[in-house]
Amino acid sequence: MIENLKTQSELERLMSDEGGPAIIDFWSPTCGPCKLMAPHFEAVAEELADEPIRFIKINTASQANLAQPFNIHSV
């Protein structure tokens, strides 16, 4: 399952000690390479659904503030 982070509190929970391992996809709806990678990200998330790892997507166009702690300024 892929989670879409939309709030600062969700990001804080992810980054806490209880957040666990995660792979984060920073994307934008206007980013061509992001669109091309999306099905592969989804396939890997599905393949590893039974593993203790979270798959997270952060839309940098609408939640740029959530990308800032990772020094993501553009995609």
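How many helices and strands does the chain have? Let's count them off: there are three helices and three strands. Keep in mind as you look around that this is a predicted model. If you start at the N terminus and walk along the chain, the elements come in the order β-α-β-α-β-α.

Now step back and take in the whole thing. The C-alpha atoms fill a box of roughly 30 × 25 × 15 Å along the principal axes. What radius of gyration would a compact globule with 75 residues have? The answer is near 11 Å, and the chain has 12 Å, which agrees. Of the 75 residues, 28% are buried. On the outside, the chain exposes about 5,100 Å², and carbon and sulfur atoms supply 54% of that area.

Contacts tell you something about how the chain folds back on itself. Take the contacts with a separation of 6 or more: 73% of them are between residues 24 or more positions apart. Charges are worth a look too. The chain carries 5 positive and 11 negative charges, and the mean positions of these two groups are 10 Å apart.

Time to zoom in. A good place to begin is the disulfide. A disulfide is a covalent bond between the sulfur atoms of two cysteines. Here the count comes to one disulfide, and it joins C31 to C34, with 2.4 Å from S to S. Which hand does this disulfide have? The torsion about the S-S bond of C31 and C34 is about 80 degrees, so the disulfide is right-handed. Both cysteines, C31 and C34, are buried.

Next, find S28. You'll see it in the loop between β2 (22-27) and α2 (32-47). Is S28 buried or exposed? Its relative accessibility is 8%, and buried means under 20%, so S28 counts as buried. Setting aside its neighbours within four places in sequence, S28 is in contact with C34, N59, T60, A61 and V75. So one of the partners of S28 is C34, a cysteine you have already met in the disulfide.

Just before that loop, in strand β2, sits D25. Where does the 6% relative accessible area of D25 put this residue? D25 is buried. Leaving out neighbours within four places in sequence, D25 is in contact with M37, F41, I56, K57 and I58. Look at I58 in particular: D25 and I58 are 33 residues apart along the chain, yet their C-alpha atoms are separated by 6.2 Å.

For a contrast, go to A38 in helix α2. A38 is buried as well, with a relative accessible area of 15%. Compare its place with that of D50: these two residues are 12 residues apart in sequence, and 20 Å apart in space from C-alpha to C-alpha. Put that beside the pair D25 and I58, with their places 33 residues apart in the chain and 6.2 Å between their C-alpha atoms.

Finish your tour at N71, in the segment after α3 (64-67). What is unusual about the backbone here? Most residues other than glycine have a negative phi. N71 is not a glycine, and still has a positive phi of about 60 degrees. As for its surroundings, N71 has a relative accessible area of 60%, so this residue is exposed.

Methods. Residues numbered from 1 in each chain as written. Predicted model: local features only at pLDDT ≥ 70, side-chain atom pairs only at ≥ 80, totals over all residues. Heavy atoms only, no water. Helix = DSSP H or I, 4+ residues; strand = E, 2+ residues; numbered from the N terminus. Rg over C-alpha atoms; globule rule 2.2 N^0.38 Å. Buried < 20%, exposed > 50% of the residue type's maximum accessible area, 1.4 Å probe, protein only. Contact = heavy atoms within 4.5 Å. Areas by Shrake-Rupley, 256 points an atom, 1.4 Å probe, with all protein chains shown as cover. Lys, Arg positive; Asp, Glu negative; His and termini not counted. Charge placed at Lys NZ, Arg CZ, Asp CG, Glu CD. Disulfide = S-S within 2.5 Å.
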